Amino acid sequence: MQLRQLKQALEALLFVTEQPLSEQQLLAYFAPEQVSKKQLLAVLDELRQDYAERGVQLQQVASGYRFQTRTELGGIISRLWQEKPPRYSQALLETLALIAYRQPITRGDIEEIRGVSVSSQIMKTLQERGWVKVVGHREVPGRPQLYATTSEFLDYFSLQDLSELPAIPDAPAPLRNSTQAAQIPAETATDIE
């Protein structure tokens, strides 16, 4: 198979698939044509460059490669759909963030950090979306479930792995006593609260 044909076929495959395709899946698909991994990666890189300035781009996510629209065009493209995207509560997003940053983590750990109980509906929603799964049980009395994120979570947020999550800023140091609070100017005191 000529490189031009390979590029066209690869481009077509990535456009029509509903899920990202991994290198292994693409190599298996092109096995009859005896396409090497080196050739495949070269063509993928060429496609990425071809689409760098277009409305869609070739993106590598945890599960493989896919074409997706540019992030900055999301507002314009969303007008195509009449239904509004699901809105998630702050509690759900906090729970998801804790699982993503501290996995594997138990529901009890989440409740301890957040200071409130975690609704069963939140855990159910995260599992139904495919963003979170049970990866085991902690070896303590009651054997609580350990939760971790999935490749669907990474794909949804266009990440290849968890190292691409943004860094969490350090929290301000808590005030030690009320005399320190009196010494802080009013403008800064409101920022701390």
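1. Let's start with one small residue. Ser22 is buried, because its relative accessible area is 14% and the cut-off for buried is under 20%. You will find Ser22 in the loop between helix H1 (3-16) and helix H2 (23-29). Leaving out residues up to four places away in sequence, Ser22 touches Ser63 and Gly64. Keep in mind, here and below, that you are looking at a predicted model.

2. Now step back to the whole chain. The protein chain has 10 helices and 5 strands. Of its 193 residues, 28% count as buried. Contacts that link distant parts of the sequence are also worth a look: among contacts in the protein chain with a separation of 6 or more, 48% are between residues 24 or more positions apart.

3. Two of the strands make a hairpin. Strand E1 (residues 56-61) and E2 run antiparallel and are joined by 6 bridges, with 2 residues between the two strands. To see the pairing on screen, look for Leu58, which stands opposite Phe67 in E2. Strand E2 is mostly covered, with 5 of its 6 residues buried.

4. The other three strands to trace are E3, E4 and E5. They form an open sheet with the order E3-E5-E4 and antiparallel pairing. Strand E3 (105-106) and strand E4 (132-137) are at the edges with a single partner strand each, so one side of each has no neighbour in the sheet. As a reminder from your course, strands of a sheet pair through backbone hydrogen bonds. Between E4 and strand E5 (residues 145-149) there are 5 bridges, in the antiparallel sense. One example to find is Lys133, whose bridge partner in E5 is Ala148.

5. Which residues have the most contacts inside the largest nonpolar core? They are Leu96, Ile99, Ile110, Leu126, Trp131, Val132 and Phe153, in a core of 18 residues. Helix H5 (90-102), helix H7 (120-128) and H8 are the elements that give two or more residues to this core. H5 gives the most, with 5 residues. Apart from this core lies another, of 16 residues, including Leu6, Leu13, Val35 and Leu58. The general idea is a familiar one: in soluble globular proteins, nonpolar side chains tend to be buried together.

6. Ile99 is a good residue to click on. Setting aside neighbours within four places in sequence, Ile99 is in contact with Ile105, Ile110, Met123, Leu126, Val132, Tyr147, Ala148 and Thr149.

7. Tyr101 is also found in helix H5. Is Tyr101 buried or partly exposed? Tyr101 is partly exposed, with a relative accessible area of 34%. Its C-alpha atom is separated by 8.1 Å from that of Leu162, although the two residues are 61 residues apart along the chain. Not counting neighbours within four places in sequence, Tyr101 is in contact with Leu165, Pro166 and Ile168.

8. Next comes the largest pocket, which has a volume of about 1,100 Å³. Its lining is made of 26 residues, and Arg66, Gln68, Thr69, Asp155 and Tyr156 lie nearest the centre. Strand E2 (64-69), helix H4 (74-77) and helix H8 (151-156) each supply at least two residues of that lining. By type, the lining residues divide into 10 nonpolar, 8 polar and 8 charged.

9. Finally, please check three spots in the backbone. A cis peptide bond joins Gln103 and Pro104, with omega about -10°, and Pro104 lies in the loop between H5 and E3. Arg143, in the loop between E4 and E5, has a positive phi near 40° while being a residue other than glycine. Arg143 is partly exposed, with a relative accessible area of 41%. Ser158 is not a glycine either, yet has a positive phi of about 55°. Ser158 sits in the loop between H8 and helix H9 (178-183) and counts as partly exposed at 24% relative accessibility.

Conventions:
Residues are numbered from 1 along each chain as its sequence is written. This is a predicted model: local features need pLDDT of at least 70, side-chain atom pairs count only at pLDDT 80 or more; totals for chains, interfaces and linings use all residues. Side-chain values use heavy atoms; hydrogens and water are left out. On a 1 Å grid over the protein atoms alone, a cavity is a set of points where a 1.4 Å probe fits but cannot get out, and a pocket is an open set with protein on both sides within 12 Å along at least five of seven lines; lining residues have an atom within 4 Å of a point. Grid points are joined across faces, edges and corners, and a volume is the space filled by probe spheres set on the points. Helices (H or I, at least four residues) and strands (E, at least two) are DSSP runs, numbered from the N terminus. Ala, Val, Leu, Ile, Met, Phe, Trp, Tyr, Cys and Pro count as nonpolar, Asp, Glu, Lys and Arg as charged, and the others, Gly among them, as polar. Two strands pair if DSSP finds at least two bridges between them. A nonpolar core is a set of buried Ala, Val, Leu, Ile, Met, Phe, Trp, Tyr and Cys residues joined through side-chain atoms within 4.5 Å. Buried means under 20% relative accessible area, exposed over 50%, partly exposed in between (1.4 Å probe, protein chains only). Contact means heavy atoms within 4.5 Å.
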